[in-house]
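Colleague: Could you take one part of this model and walk me through it slowly? I'm new to this, so plain words would help.

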Amino acid sequence: MVIQSFRKSVAATAVAVSLLSGLSALPSLSFAQDSSAASAAASAAAKAAKPNVVVLATGGTIAGAGASAMNSATYSAAKVPVDKLLAGLPELANVANVKGEQVFQIASESFTNDNLLTLAKRVSALAKQSDVDGIVVTHGTDTLAETAYFLSLTVQTDKPVVVVGSMRPGTALSADGALNLVNAVSVAGAKDSKGKGVFVTMNDEIQTARDVNKDINIKTGAFTSQWGPLGMVVEGKNYWFRAPAKRHTTQSEFNIDSIDKLPQVDIVYAYGNVQPTAVNALVDAGAKAIVHAGTGNGSVADRMVKPLQDARGKGVLIVRSSRVPYGFVLRNAEQPDDKYDWVVAHDMRPEKARILTMLALTKGVSTSELQRMFWEY
């Protein structure tokens with residue numbers, strides 16, 4: 001009886017200890033659950049507070065790779081897919097909620113009109129989404145400025161659109177693409193970028209798509225504007241100094257949603273002893289407009305005047321621009337533009353004059369209307 005009573009007492013004590021242990025563990029468990037829930041809530045709040053930025057990748061040097069770290073100018077462009085490009089930059093998570101899409105994987109010198117249309121339509125569609133705050137386009141530098149200008153003329157949104165590239169592949173020493181891309185995402189997600197149009201962010205500068213051009217082919221500070229940058233982005237903060245003066249995005253009369261084809265517009269380059277061969281061939285090939293990249297103030301050689309007049313007589317629009325990178329072409333200064341029914345490109349370089357002329361032709365404009373557009377855009 002004594003042994004049986006002892007066993008009952010031990011069993012009761014064990015049960016009591018077990019219950020007490022369980023009760024003492026409950027507050028600890030509850031605290032852990034509360035802490036985990038609080039952490040998840042804080043993480044969700046932090047994510048919600050960050051802007052949502054979509055990166056559209058098209059290839060170029062920023063997605064390029066060289067044989068060694070010493071190859072900064074010799075490399076293969078358009079090799080790294082966007083998911084790998086973004087995964088290599090964990091810093092982006094501190095700037096925005098970033099998603100990537102691979103639109104193309106090409107070197108930008110191979111960009112076509114169809115590529116421009118496809119890209120712009122995708123940017124336009126994303127800009128309409130309420131869960132997208134900004135868009136970044138990674139692009140090869142050779143035609144980057146042309147694409148940026150096209151987007152600024154055709155995508156009607158006040159959300160920031162940033163086109164970015166790099167002068168060195170990511171495999172090179174002192175590669176510039178990583179910081180350029182982080183800056184681009186930062187600008188695209190910033191509230192103070194809204195309504196300012198399409199940007200190009202390279203070398204810490206924020207440039208407007210209209211004015212910026214690639215002026216150097218071997219240095220990281222390759223993209224400049226004769227009118228200066230809009231501002232700078234330093235350590236994720238924008239510093240603005242001026243605003244775009246020309247029409248863009250929401251102010252534009254062009255809308256990519258209603259443009260499915262671009263007319264043929266070509267460029268004829270002026271030089272000593274230039275002959276009308278190119279003009280005649282392009283007219284025969286169906287060009288709807290010819291941009292003449294003249295010398296100096298858009299000068300036209302005497303032997304080129306008649307062929308250009310003849311082209312105009314056949315309905316081909318003639319735009320007089322200059323191969324000189326800075327300054328602007330004065331109307332009726334070197335040639336009687338009013339008499340010949342020609343247009344001047346103002347400060348627009350030949351390749352960008354081609355972009356605006358193509359879009360103008362989608363509306364079937366007259367020379368006077370096209371000239372108005374060159375003043376306004």
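Modeller: Let's start where β3 and β4 run parallel, joined by 4 bridges. This is a predicted model, by the way. Within that pair, Thr 138 sits opposite Val 164 of β4. Now look at what lies above and below β4: Val 161 and Val 163 are buried on one side, Val 162 and Val 164 are buried on the other, and so both faces of the strand are covered.

Now zoom out a bit. β3 and β4 belong to an open sheet of 8 strands, and if you walk across it you meet β2-β1-β3-β4-β5-β6-β9-β10, with mixed pairing. At the edges are β2 (97–106) and β10 (237–240), each of which pairs on one side only. From one strand to the next, the twist averages 25 degrees. As a general point, strands in a sheet pair through backbone hydrogen bonds, and they can do that in a parallel or an antiparallel way.

Go over to the β2 end for a moment. Strand β1, residues 52–59, pairs with β2 in the parallel sense, over 7 bridges. One spot to find on screen is Asn 52, whose bridge partner in β2 is Asn 97.

What lies across this sheet? Helix α5 (residues 177–189) does, over β1, β2, β3 (134–138), β4 (161–164), β5 (198–202), β6 (205–208), β9 (231–234) and β10. The direction of α5 makes about 155 degrees with β3.

Next, a pair of helices. Generally, two packed helices are described by the angle between their axes and the distance between the axes. Helix α3 (residues 113–127) and helix α4 (residues 144–154) have axes that come within 10 Å and cross at roughly 50 degrees. That angle is why α3 counts as oblique to α4. Their crossing is right-handed. On the α3 side, the residues that meet α4 are Leu 116, Leu 117, Leu 119, Ala 120 and Val 123, while α4 brings Thr 147, Phe 150, Leu 151 and Thr 154. Sort that contact by class and you get 7 nonpolar residues, 2 polar and no charged.

There is also an open sheet of 4 strands, in the order β11-β12-β13-β14, with parallel pairing. Here β11 and β14 (343–344) stand at the edges with a single partner strand each, so one side of each has no neighbour in the sheet. Strand β13, residues 317–322, runs parallel to β14 and is joined to it by 2 bridges. Look for Arg 320 there, which stands opposite Val 344 in β14. Packed on this sheet is α6, which touches β11 and β12 (289–294) and points at about 170 degrees to β11. Helix α7 (residues 302–313) packs on the sheet too, touching β11, β12 and β13, and its direction makes about 140 degrees with that of β13.

How do α6 and α7 sit relative to each other? Their axes come within 9 Å and cross at roughly 10 degrees, and the two helices are therefore roughly parallel. Val 279, Asn 280 and Val 283 of α6 make the contact with Met 304, Pro 307, Leu 308 and Ala 311 of α7. By class, that contact holds 6 nonpolar residues, 1 polar and no charged.

One last stop is Gly 272, in the loop between β11 (265–269) and α6 (277–284). Gly 272 has a relative accessible area of 65%, so it counts as exposed. Gly 272 and Thr 295 are 23 residues apart in sequence, and their C-alpha atoms are 9.4 Å apart in space.

Methods
Residues numbered from 1 in each chain as written. Predicted model: local features only at pLDDT ≥ 70, side-chain atom pairs only at ≥ 80, totals over all residues. Heavy atoms only, no water. Pairing = 2+ DSSP bridges. Axes fitted to C-alpha atoms, helices over the stretch in contact; angles between N-to-C directions. Contact = heavy atoms within 4.5 Å. Buried < 20%, exposed > 50% of the residue type's maximum accessible area, 1.4 Å probe, protein only. Parallel < 35°, antiparallel > 145°, perpendicular 65-115°, else oblique. Left-handed = near helix turned anticlockwise from the far one by under 90°. Nonpolar A, V, L, I, M, F, W, Y, C, P; charged D, E, K, R; others polar.
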